[in-house]
Amino acid sequence: MDLDALAAARREEWARLDELSRARHLTGAEVDELVTRYRAASADLADIKTSAGRTAHGDHVSTMLARARLRLTGAPENVLRQIPRFFVLQLPAALYRVRWTTLVIALGFVAVTTIVAAWVSSDPALVASLGDRAQLEQYAENEFTDYYTENPAAVFAGTVWTNNAWIAAQCVLFGITGLWPIMVLVQNAVGVGTAAAVMIAFDRADVFVLYILPHGLLELTAVFVAAAAGLHIFWAWIAPGPRRRGEALASAGRSLATVAIGLVFVLAVSGAIEGFVTGQPWPWAVKIGIGAGALALFLVYMLLVGGRAYRAGETGDLTEYETGTPTLTVG
């Protein structure tokens, strides 16, 4: 079969099929025409594949047929049916995709925090530059721990939740800049390191660790994941691969914005721990155990459930019906 000759002969028919499949509204006669042209193009595709296997012409016709098929048979999914898919497939797959970047960010954050804490606490002049000694001592002895109990637990948990959720959302939504997530991470690492330095300077390092760990294990992990998602969006813009830059960016933005939505729930859990657990006069093994358990559940969800969804072909992106038929790109 001469594929170029076939393409030349069918060009107008295929163009009409493409036009009908893209039309916003179709009359009854146009729907009938779409069905007829769909069948004819299907026959053409079968001939192409039988005689030549996979070819550029065949891919072109296949794409048009996919769009036409969605136009003829596609229907929006019920929202209640989309919710299980989001939590079982889309969200864990999106989290799984950023696992290694999250690990690198976590190691970098811990390194910066440790360096700042060790550097500042070892130099009395640097500690003194943070404020009056009496004020710093008051912070180390009372204010640091009072922060977790000075407000009603529910109010405190809600405040922490909304603040952290906003930080995570910024990391994802402004990730395209490539700078915003890094700036947020560095600011937080320096802030945590500075607070640790003050506590160390007044021999309260144990209190710092014990009050940070219960909620911080999950809370900081969520921030790391958000920053990783934002940087993946930036990388999709920088290195789109065989797709057009706009398409790669749109796909990454859709799939990784899923992370921002999911982290709202994760940060609600860490906020509840910070509000209702961290400040309680319970044994530290219990409080840290609760935080570690919450982190373990999240990691199981991210790595095991997410890995299974990812290997099944999920990326966190919307379905083809929701996004439209992808554009083929010569690569």
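R16, E19, E33 and R37 are tied into a network of salt bridges, and that is a good place to enter this predicted model. The idea behind such contacts is a familiar one: side chains with opposite charges can pair up when their charged atoms come close. Counted with a cut-off of 4 Å between nitrogen and oxygen, the salt bridges come to seven.

Let's walk through a few of them. R10 pairs with D44, with 3.1 Å between the closest N and O atoms. This one joins distant parts of the chain, since R10 sits in helix α1 (residues 3-22) and D44 in helix α2 (residues 28-52), 34 residues apart. How buried or exposed are the two partners? R10 has a relative accessibility of 27%, so R10 counts as partly exposed. D44, on the other hand, is buried, with a relative accessible area of 5%.

Helix α1 takes part in another link. D18 and R67 meet through their side chains in a salt bridge, at 2.7 Å from N to O. Again the pair connects distant parts of the chain: D18 belongs to helix α1 and R67 to helix α3 (residues 56-73), 49 residues apart. Both D18 and R67 are buried.

Next, have a look at R85 and E314, whose side chains form a salt bridge at 3.0 Å, N to O. R85 is in helix α4, while E314 is in the loop between α12 and α13 (320-323), so this pair ties together parts that lie 229 residues apart in sequence. E314 counts as buried because its relative accessible area is 15%, which falls under the 20% cut-off.

Helix α4 also takes us to the surface. I83, F87, V88, I261 and F265 make a nonpolar surface patch of about 450 Å². Two elements give two or more residues each to this patch, namely α4 (79-97) and α11 (245-278). Of these, α4 gives the most, with three residues. One patch member to click on is I83, which lies in helix α4. I83 counts as partly exposed because its relative accessibility is 40%, and residues need over 30% to join a patch at all.

Now for the empty space. Rolling a probe the size of a water molecule over the atoms shows where such space is left. The largest pocket holds about 680 Å³ of it. Its lining is made by 27 residues, and those nearest the centre are A106, V110, L220, T221 and F224. Which helices supply at least two residues each to that lining? They are α5 (99-121), α9 (180-201), α10 (205-238) and α12 (284-311). Helix α5 gives the most, with 11 residues. By class, the lining has 21 nonpolar residues, five polar ones and one charged.

The second largest pocket has about 590 Å³ of space. Here 25 residues form the lining, and Y147, Y148, H215, E219 and E274 lie nearest the centre. At least two lining residues come from each of α7 (133-146), α8 (153-173), α9 and α10. The lining of this second pocket breaks down into 14 nonpolar, seven polar and four charged residues. If you have the model open, helices α9 and α10 are worth highlighting: each supplies at least two residues to the lining of the largest pocket and at least two to that of the second largest.

Terms used
Residues are numbered from 1 along each chain as its sequence is written. This is a predicted model: local features need pLDDT of at least 70, side-chain atom pairs count only at pLDDT 80 or more; totals for chains, interfaces and linings use all residues. Side-chain values use heavy atoms; hydrogens and water are left out. Patches are made of residues with over 30% relative accessible area and no salt bridge: like charges are joined within 9 Å, nonpolar side chains (Val, Leu, Ile, Met, Phe, Trp, Tyr) within 5 Å. Accessible areas come from the Shrake-Rupley method with a 1.4 Å probe; for residues, only the protein chains shown count as cover. Helices (H or I, at least four residues) and strands (E, at least two) are DSSP runs, numbered from the N terminus. Buried means under 20% relative accessible area, exposed over 50%, partly exposed in between (1.4 Å probe, protein chains only). On a 1 Å grid over the protein atoms alone, a cavity is a set of points where a 1.4 Å probe fits but cannot get out, and a pocket is an open set with protein on both sides within 12 Å along at least five of seven lines; lining residues have an atom within 4 Å of a point. Grid points are joined across faces, edges and corners, and a volume is the space filled by probe spheres set on the points. Ala, Val, Leu, Ile, Met, Phe, Trp, Tyr, Cys and Pro count as nonpolar, Asp, Glu, Lys and Arg as charged, and the others, Gly among them, as polar.
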